[in-house]
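Work through these exercises with the model open beside you. Try each task before you read its solution.

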Amino acid sequence: MRRQIPPVSRLLVLLAAALLAAAVAPAPAAAVNVTAVLAGFPDLADFARLLASSPVAAELAGRSSLTLLAVPNGNLPQSPSAFAAASGADLADVLRYHVLLEYLGPADLRRLPASGKLVTTLFQTTGRAPADLGAVNVTAARSSLAVVRSPAPFPGDSNATVLGSVTAVPYNLSVLAVSGLIVPSGLDLAASESRPPSGAAAVNITRVLADARAFNVAASMLEASGVAGEFEADERGAGITVFAPTDDAFAGLPAGDRLQSLPADRKAVVLRFHVLHSYYPLGSLESIVNPLQPTLATEFSNAGRFTLNITRANGSVAIDTGVVQATITRTVFDQNPVAVFAVSKVLLPKEMFTRTEGGADDDSIIAAAAAASPPPVATPPEASVGARTPPTKLSSPPALRGGGDGYDTASAPARAIGWWCIALVYLPLLPHLNVYTGRGR
């Protein structure tokens, strides 16, 4: 006869089995703070700053089992943003291409097959990569741990050599140092820039916009206005941050805004309104303490005018002018002391533009400025000679006060005509007045 296990003993057996299974089963991988890990390696400080100033850092916050291909300071191009733009890519996508969605430590690299291994990157998850061209091909090499290249089907594809392992948090994060930035497949790769010597010329903002494409209107307005020269001069100080509207943003302006018909000096005000007189990478804008920021146009005006309200909304940086609400769509250029960001709308200052009533869409209710919009320089005009201010209280007409400095000599002929008219009215009454006067004696 089989012996029955008491209910209490059966419960203890099940509990012991569950504890044993939990001890044997591997713990789920925990997400690693990539920014914090890179902070311990000064030679990767520039690459860490690029990650922190892009949306990629936030995208990595909830991920684990990653391999990060980090580029040392000396191997980065002078302008990573321009490097990416010259290749037809966005800098954030280039950075995503350096995040492999698989843990590869030094031991894994040594076990690579001769044909290499295709590893998916974070760029593949964006949906912008055709087919599997959002992956990289990791191949073993004799003189280094491995070579990472884009699996492009044509010559001239982008590649980098793995210089060594920086650090590893098995099996959550592996950081490998690589010899340079890698560009996603299918994009024409321009020659990378070398670091210029100290004291190099200021960044040509107009050229940056022209090279980045989709900013033809902004580039031509800068070139025609001469304001670009002011921007380059301001780079020498605290740097500048430029918000560049795309060609689509200009095309989306309502027909009544009259921006293109403004005089040259007022166009210059609008252009200055798109620039902060300090260098702010994207990460700094996202965590800005004082949201109300003066612009270069403020310097030509009174304090408190021509300011931008910069906040973080819905995962992006929002810019409110009081008339327009725009967002930063991507980083165009970022190299201290210059940052250039694409914005979704043309920033129209409330001092020069206003809203009309009756429209639900912001774009449809932006109206053109009045003809008497404020001048770019806020110095109050001096009163002209002979100018008169309206009286603050009722007073007698100047003619009854005997003229004086306040007497308007320009209206004297009109007064004379008035008196002649009164005399002509009273002349026919004179005989009657004499009779009346005679009777009264």
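Buried means under 20% relative accessible area, exposed means over 50%, and partly exposed lies in between. Keep in mind that this model is predicted.

**Exercise 1.** Find the salt bridge between glutamate 59 and arginine 96, and classify each residue as buried, partly exposed or exposed.

*Solution.*
Step 1. The two side chains meet with an N to O distance of 2.7 Å. A salt bridge needs these atoms within 4 Å, so the pair qualifies.
Step 2. Arginine 96 has 8% relative accessibility, so arginine 96 counts as buried.
Step 3. Glutamate 59 has 31%, so glutamate 59 is partly exposed.
Step 4. Now place the partners. Glutamate 59 sits in helix H4 and arginine 96 in helix H6, so the bridge ties together parts 37 residues apart in sequence.
Step 5. Look for a wider network. Glu59, Asp93 and Arg96 are linked by salt bridges.

**Exercise 2.** Which parts does the salt bridge between aspartate 90 and arginine 330 tie together?

*Solution.*
Step 1. Check the contact: the side chains meet at 3.8 Å, N to O.
Step 2. Aspartate 90 lies in the loop between helix H5 (80-86) and H6, and arginine 330 lies in strand S13, so the pair ties together parts 240 residues apart in sequence.
Step 3. Classify both. Aspartate 90, at 17%, is buried. Arginine 330, at 24%, is partly exposed.
Step 4. Set another pair beside this one. Arginine 111 bridges to aspartate 108, with the closest N and O atoms 2.9 Å apart. Arginine 111 is exposed at 59%, and aspartate 108 is partly exposed at 24%.
Step 5. The full count is seven salt bridges.

**Exercise 3.** Where does the second largest pocket lie with respect to domain 1 (34-187) and domain 2 (205-352)?

*Solution.*
Step 1. Start with its volume, about 350 Å³.
Step 2. List the lining. The pocket has 23 lining residues, and the closest to its centre are Ser53, Ser54, Pro55, Leu282 and Glu286.
Step 3. Sort the lining by type: ten nonpolar, six polar and seven charged.
Step 4. Trace the elements. S13 gives the largest share, five residues.
Step 5. Conclude. Both domains give residues to the lining, so the pocket lies between them.

**Exercise 4.** Which strands stand at the edges of the seven-stranded open sheet?

*Solution.*
Step 1. Read the order: S2-S1-S7-S6-S5-S4-S3, with mixed pairing.
Step 2. Strand S2 (99-100) and strand S3 (117-120) each have a single partner strand, so they are the edges.
Step 3. Inspect one edge. S2 runs antiparallel to strand S1 (residues 66-70), joined by two bridges. Threonine 67 stands opposite leucine 100 in S2.

Terms used: Residues are numbered from 1 along each chain as its sequence is written. This is a predicted model: local features need pLDDT of at least 70, side-chain atom pairs count only at pLDDT 80 or more; totals for chains, interfaces and linings use all residues. Side-chain values use heavy atoms; hydrogens and water are left out. On a 1 Å grid over the protein atoms alone, a cavity is a set of points where a 1.4 Å probe fits but cannot get out, and a pocket is an open set with protein on both sides within 12 Å along at least five of seven lines; lining residues have an atom within 4 Å of a point. Grid points are joined across faces, edges and corners, and a volume is the space filled by probe spheres set on the points. Helices (H or I, at least four residues) and strands (E, at least two) are DSSP runs, numbered from the N terminus. Ala, Val, Leu, Ile, Met, Phe, Trp, Tyr, Cys and Pro count as nonpolar, Asp, Glu, Lys and Arg as charged, and the others, Gly among them, as polar. Domain bounds come from an automatic or database domain assignment. Two strands pair if DSSP finds at least two bridges between them. Buried means under 20% relative accessible area, exposed over 50%, partly exposed in between (1.4 Å probe, protein chains only).
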